[in-house]
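Let's take a friendly walk through a protein model, looking at how some of its side chains meet. Keep the picture open as you read.

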Amino acid sequence: MRKAMFASILAVTSFCGLGVAAAGPQMTSDQIVKYFGETADLGAKRGICIGTTEECNKDQPAPTGLDMLINFDLNSADLTQQARENLNEFAKALKDDRLRAATFVVEGYTDASGGELYNDELSTRRAQSVTAFLLANGISRDKVEAIGLGEKNPRVADPYDPVNRRVEMRIKIQ
């Protein structure tokens with residue numbers, strides 16, 4: 001039996017060198033709380049299912065994800081100003097009482113450029129960079145865990161597409 005249920009995905013996508021600019025955060029903390037509160041329902045509807053993952057989740061709608069743009073310079077895990085604005089809103093959302101039961105796994109990814117070992121290390125640094133920012137903004141360490149997954153699970157079919165350079169946060173209900 002699974003000890004934790006991954007209820008939803010917050011895809012924080014990292015685009016390098018795309019010239020994407022935005023003023024202010026893409027989403028407010030209230031929008032983030034509302035999304036996770038409605039999508040994950042934070043365990044209120046949780047039950048026991050005996051069967052495969054597919055059988056147990058067949059009545060659950062697939063999450064569409066909640067995208068926030070996080071920019072990284074090429075071969076870097078340094079957060080841009082836009083990333084900081086978006087993560088400020090995410091930190092506010094995590095402090096909201098409606099998400100008190102939620103914990104998140106911060107997963108770092110890369111595209112297929114570079115060697116496998118380098119990409120694993122870079123993805124870990126990206127996840128740690130996001131996690132460190134959240135911790136510095138008052139989020140307790142037990143609410144977030146950083147892991148690097150390198151070039152695994154590309155978001156789009158082209159493994160070299162910059163869309164695959166990202167951090168995803170998965171809400172975990174325990």
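**Rings and charges that meet**

In this predicted model, a search for paired aromatic rings turns up 1 aromatic pair. The partners are Phe90 and Phe104, and their arrangement is edge-to-face: the ring centres lie 5.3 Å apart, with 80 degrees between the planes. An angle over 60 degrees counts as edge-to-face, which is why this pair gets that name. Try finding both rings in the picture. Phe90 belongs to helix α3, which covers residues 81-95, while Phe104 belongs to strand β3, which covers residues 102-108. The two are 14 residues apart, and their pair links distant parts of the chain. Are these rings buried or exposed? Both Phe90 and Phe104 are buried.

Another ring to look for is that of Tyr109. Here the partner is a charged residue: Arg166 lies over the face of Tyr109, at 3.9 Å from the ring centre.

Now let's turn to salt bridges. How many salt bridges does the whole structure hold? The search finds 8 of them. One involves Lys92 and Glu89, whose side chains come to 3.1 Å, counted from N to O. Why can we describe Lys92 and Glu89 as about one helical turn apart? Because they are 3 residues apart in helix α3, about one helical turn separates them. Their surroundings are worth a look as well. Lys92 has a relative accessible area of 46%, so it is partly exposed. Glu89 has a relative accessible area of 11%, so it is buried.

A second salt bridge takes us to the strands. The side chains of Arg170 and Glu107 meet at 2.9 Å, N to O. This pair links distant parts of the chain: Arg170 sits in strand β5 (residues 166-173) and Glu107 in strand β3, 63 residues apart. Buried means under 20% relative accessible area. Arg170, with 19%, therefore counts as buried, and so does Glu107, at 8% relative accessibility.

Stay with Arg170 for a moment, since its side chain also meets that of Glu168 in a salt bridge, again with an N to O distance of 2.9 Å. Like Arg170, Glu168 is buried. Which residues are joined into one network by salt bridges that share partners? They are Glu107, Arg166, Glu168 and Arg170. You have already met Arg166 in this tour, lying over the face of Tyr109.

Conventions: Residues are numbered from 1 along each chain as its sequence is written. This is a predicted model: local features need pLDDT of at least 70, side-chain atom pairs count only at pLDDT 80 or more; totals for chains, interfaces and linings use all residues. Side-chain values use heavy atoms; hydrogens and water are left out. Rings of Phe, Tyr and Trp (its six-membered ring) pair if their centres lie within 6.5 Å; planes under 30 degrees apart count as stacked, over 60 as edge-to-face and the rest as tilted. Helices (H or I, at least four residues) and strands (E, at least two) are DSSP runs, numbered from the N terminus. Buried means under 20% relative accessible area, exposed over 50%, partly exposed in between (1.4 Å probe, protein chains only). A charge sits over a ring if NZ of Lys or CZ of Arg is within 6 Å of the ring centre and within 35 degrees of the ring normal. A salt bridge is a side-chain nitrogen of Lys or Arg within 4 Å of a carboxyl oxygen of Asp or Glu.
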